[in-house]
Amino acid sequence: MAGSSSWVEMPGSKRSLIELLEETGRVAVLYHWDSDGISSATIIVDFLKSNGLEYSLHVPRIGYYSYDGLPIDEIKHSKADALIILDYALKQHVLDKLEDNLGIPIIVVDHHHNRLRERSTYFNPVAIDPTRRYPSTTWVLKELLELPLNLPIIIGAAGDCMEKIVRLPQWEDIKNYLAEKNLDWNTIIKASELLDSNYKIGSRRAVVRAVEKLLSYDDSLEMVLGDEEWNKYRLIVEEELDRLLSSEPAKIVGNVLVYNFKSKYHLASMVTRRLSLLHEDKVVVVVFENEVEELCQIYVRSWIHNLISLIDMLVEEGYNAGGKRSVAALIVECDKIEDALSSVVRLLSEIT
Ligand SMILES: [Mn+2]
């Protein structure tokens, strides 16, 4: 694999992922609840099964990116020899605490903006070189496991990039794959939205089931699109999304549109994405309260500005923030949401 060996051999990842997995008897797989996370877990499970290795599947508390959201007891009970974390960007100090508590090695595969980790095996080409663009964690896995393009890989990329995939260098390969299989990108996006509906409805069990189902569908897009459970959830969340999208911004500050939403579903990411597509020349800020989880989040999206510096500044100010070039996300205690929003708007005025 000449193309990717330069970053595979970086500090913290001296051995290849294939070698590491092959020598681990039982692997606990912890993955992000979205379609890239589900697809990444499916790729790993496929690899583990084909190599006669055992595994267990684990999903964090939906909406949480901190130590509190991790299913520690569940992972301990799995009696795994190693934990692999997919598409789920935890801060380095959280990974340290997790590794100490579990007492097993942690392997990370990710494409989110993060600091490079020396302590455990850390496969993240974007942490090595922030100028590199990776559409999805599935794409990182494609290179690490030396896989040809397949349905889970492109569903992961569709989930994270949607119609903006055409701006990425990987689009050329995807385009050829689609032409060869006589598929179109909008249908792949639809498949990714079906997978996402499992977390949007708020069901961690559905997110676990989704991996086994996607694997059993064996590259058949028709089977994915026809899944009854996912279609049922999708209808429910689309109806709720329509309700949210009908509202006006609560506030407009220069080119920043601020929206306020409350819902029992996990729609912060999706509503922000849809709004940013409606207002491509603006920065969209969404303050979102999940009434079931008492979870408050702020999402920021821009297609024009690189939000990496915003994320760094928010972290410096002590916020639990993360994301990518085009999206920043913060989790805030609900009674401190107004202060956090002021910080976001102030910092945005500095970078935009
Ligand atoms: Mn991802």
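In this predicted model, strand β9 (residues 295-301) pairs with β11 in the antiparallel sense, and six bridges connect the two. Within this pairing, Val300 stands opposite Ala328 of β11. Helix α15 (residues 308-316) packs on the sheet and touches β9, β10 and β11. The direction of α15 makes about 165 degrees with that of β10.

On its other listed pairing, β11 (residues 327-332) is joined to β10 (residues 320-323), again in the antiparallel sense, over four bridges. One of the pairs is Ala321 with Leu330, the latter in β11. The connection from β10 to β11 is a hairpin of three residues.

**The mixed sheet**

These strands belong to an open sheet of six strands, ordered β6-β7-β8-β9-β11-β10, with mixed pairing. Because β6 (251-253) and β10 stand at the edges with a single partner strand each, one side of each has no neighbour in the sheet. Neighbouring strands of the sheet are turned against each other by 20 degrees on average, direction ignored.

Helix α14 (residues 268-278) lies across β7 (256-263), β8 (283-290) and β9. The helix runs at about 155 degrees to β8.

Strand β8 contains Phe288. Is Phe288 buried or exposed? Phe288 has 24 C-beta neighbours inside 10 Å and therefore counts as buried, the threshold for that class being 20 or more. Neighbours within four places in sequence set aside, the contacts of Phe288 are Phe261, Ala268, Gln297 and Tyr299. Of these, Phe261 falls in the range of β7 and Ala268 in that of α14, while Gln297 and Tyr299 fall in that of β9. By contrast, Thr138 is 150 residues from Phe288 in sequence, and their C-alpha atoms are 28 Å apart in space.

**The parallel sheet**

A second open sheet has five strands in the order β2-β1-β3-β4-β5, and its pairing is parallel. Its edges are β2 (54-58) and β5 (121-123); each has a single partner strand, so one side of each is left without a neighbour in the sheet. From one strand to the next the twist averages 20 degrees.

Helix α3 (residues 35-50) packs on this sheet, where it touches β1 (26-31), β2 and β3. Its direction makes about 170 degrees with that of β1.

Strand β3 (residues 82-86) pairs with β4 (residues 106-109) in the parallel sense over four bridges, and Ile84 has Ile107 of β4 as its bridge partner. Strands β1 and β3 also run parallel and are joined by five bridges. In that pairing, Tyr31 stands opposite Leu86 of β3.

How many of the residues of β3 are buried? Five of its five residues are. In a regular strand the side chains alternate between the two faces of the sheet. For β3 this places Ala82, Ile84 and Leu86 on one side and Leu83 and Ile85 on the other, and both faces are covered.

The strand pairings described above, with one residue pair from each, are these:

| Strand pair | Sense | Bridges | Residue pair |
|---|---|---|---|
| β9 and β11 | antiparallel | six bridges | Val300 and Ala328 |
| β10 and β11 | antiparallel | four bridges | Ala321 and Leu330 |
| β3 and β4 | parallel | four bridges | Ile84 and Ile107 |
| β1 and β3 | parallel | five bridges | Tyr31 and Leu86 |

**Domains and the whole chain**

The domain assignment divides the chain into domain 1 (2-228) and domain 2 (247-351). Their centres, taken over C-alpha atoms, are separated by 25 Å. Across the boundary, 13 residues of domain 1 are in contact with 16 residues of domain 2. The domain 1 side of this contact consists of seven nonpolar residues, five polar and one charged.

In total the chain has 16 helices and 11 strands. Its C-alpha atoms fill a box of roughly 55 × 45 × 40 Å along the principal axes. The radius of gyration is 19 Å, which agrees with the value near 20 Å for a compact globule of 352 residues. Of the 352 residues, 46% are buried. Among contacts between residues at least 6 apart in sequence, 65% join residues at least 24 apart.

Definitions and conventions. Residues are numbered from 1 along each chain as its sequence is written. This is a predicted model: local features need pLDDT of at least 70, side-chain atom pairs count only at pLDDT 80 or more; totals for chains, interfaces and linings use all residues. Two strands pair if DSSP finds at least two bridges between them. Axes are lines fitted to C-alpha atoms, for helices over the stretch in contact, and angles run from 0 to 180 degrees between N-to-C directions. Two residues are in contact if their C-beta atoms, placed from the backbone, lie within 7 Å. Domain bounds come from an automatic or database domain assignment. Ala, Val, Leu, Ile, Met, Phe, Trp, Tyr, Cys and Pro count as nonpolar, Asp, Glu, Lys and Arg as charged, and the others, Gly among them, as polar. The radius of gyration is taken over C-alpha atoms; the globule rule is 2.2 Å times the number of residues to the power 0.38. A residue is buried if 20 or more other C-beta atoms lie within 10 Å of its own, exposed if 12 or fewer, and partly exposed in between; C-beta atoms are placed from the backbone.
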